[in-house]
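Please take a moment with the sequence and the model shown below, and then follow the paragraphs after them, which lead through the structure step by step.

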Amino acid sequence: MSAGERAKAKAEQIVGKTVRKAAHAVHKETLAAKGAALEARGKTRGAKEHTKGSFKR
């Protein structure tokens, strides 16, 4: 797994989680959904990189 892609995945997860929690705090459900989508995209990217890394061994 490349370090750059792993960092992008983790950053998306953190930003998405932060946006989601902040949006829930101010009752902005549309923004919370966008944050959840960003978090899910980060988790998907991380899983892809993990899988890709396991085949390289």
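A good place to begin is Glu39, which, once its neighbours within four places in sequence are left aside, is in contact with Glu12, Gln13, Gly16, Lys17 and Arg20. This residue is found in helix H2, and, since the model is a predicted one, what is said of Glu39 and of the other residues here describes a prediction. Glu39 has a relative accessibility of 11%, and because values under 20% count as buried, Glu39 is classed as buried.

One of the contacts of Glu39 is Glu12, and Glu12 lies in helix H1. Glu12 has a relative accessible area of 13%, so that this residue, too, is buried. Again leaving aside neighbours within four places in sequence, Glu12 is in contact with Leu38, Glu39, Arg41, Gly42 and Arg45. With Arg41 there is also a polar contact, made between the side chain of Glu12 and the side chain of Arg41 at 3.3 Å.

These residues lead on to the two helices themselves. Two packed helices are described by the angle between their axes and by the distance between those axes. Here helix H1, which covers residues 3-25, packs with helix H2, which covers residues 29-55, at an angle of about 160°, and their axes are 7 Å apart. Because an angle over 145 degrees counts as roughly antiparallel, H1 and H2 are roughly antiparallel to each other. The crossing that H1 and H2 make is left-handed, and the residues of their contact divide into 8 nonpolar, 6 polar and 11 charged.

Another residue of helix H2 is Leu31, and, apart from neighbours within four places in sequence, Leu31 is in contact with Val19 and Ala23. How far from Leu31 is Gly4, taking the C-alpha atoms of the two residues? The separation is 27 Å, and along the chain Leu31 and Gly4 are 27 residues apart. Leu31 has a relative accessibility of 42% and therefore counts as partly exposed.

There remains the loop between H1 and H2, which is where His27 has its place. Is His27 buried or exposed? At a relative accessibility of 65%, His27 counts as exposed, because the cut-off for that class is over 50%. The backbone of His27 also deserves a look, for its phi is near 60°, which is a positive value in a residue other than glycine.

Note on methods: Residues are numbered from 1 along each chain as its sequence is written. This is a predicted model: local features need pLDDT of at least 70, side-chain atom pairs count only at pLDDT 80 or more; totals for chains, interfaces and linings use all residues. Side-chain values use heavy atoms; hydrogens and water are left out. Axes are lines fitted to C-alpha atoms, for helices over the stretch in contact, and angles run from 0 to 180 degrees between N-to-C directions. Helices (H or I, at least four residues) and strands (E, at least two) are DSSP runs, numbered from the N terminus. Angles under 35 degrees count as roughly parallel, over 145 as roughly antiparallel, 65 to 115 as roughly perpendicular and the rest as oblique. A crossing is left-handed if the near helix is turned anticlockwise from the far one by less than a right angle, and right-handed if clockwise. Ala, Val, Leu, Ile, Met, Phe, Trp, Tyr, Cys and Pro count as nonpolar, Asp, Glu, Lys and Arg as charged, and the others, Gly among them, as polar. Buried means under 20% relative accessible area, exposed over 50%, partly exposed in between (1.4 Å probe, protein chains only). Contact means heavy atoms within 4.5 Å. A polar contact is a pair of N or O atoms within 3.5 Å; within protein, one must be able to donate a hydrogen and the other to accept it, and residues adjacent in sequence count only if both atoms are side-chain atoms.
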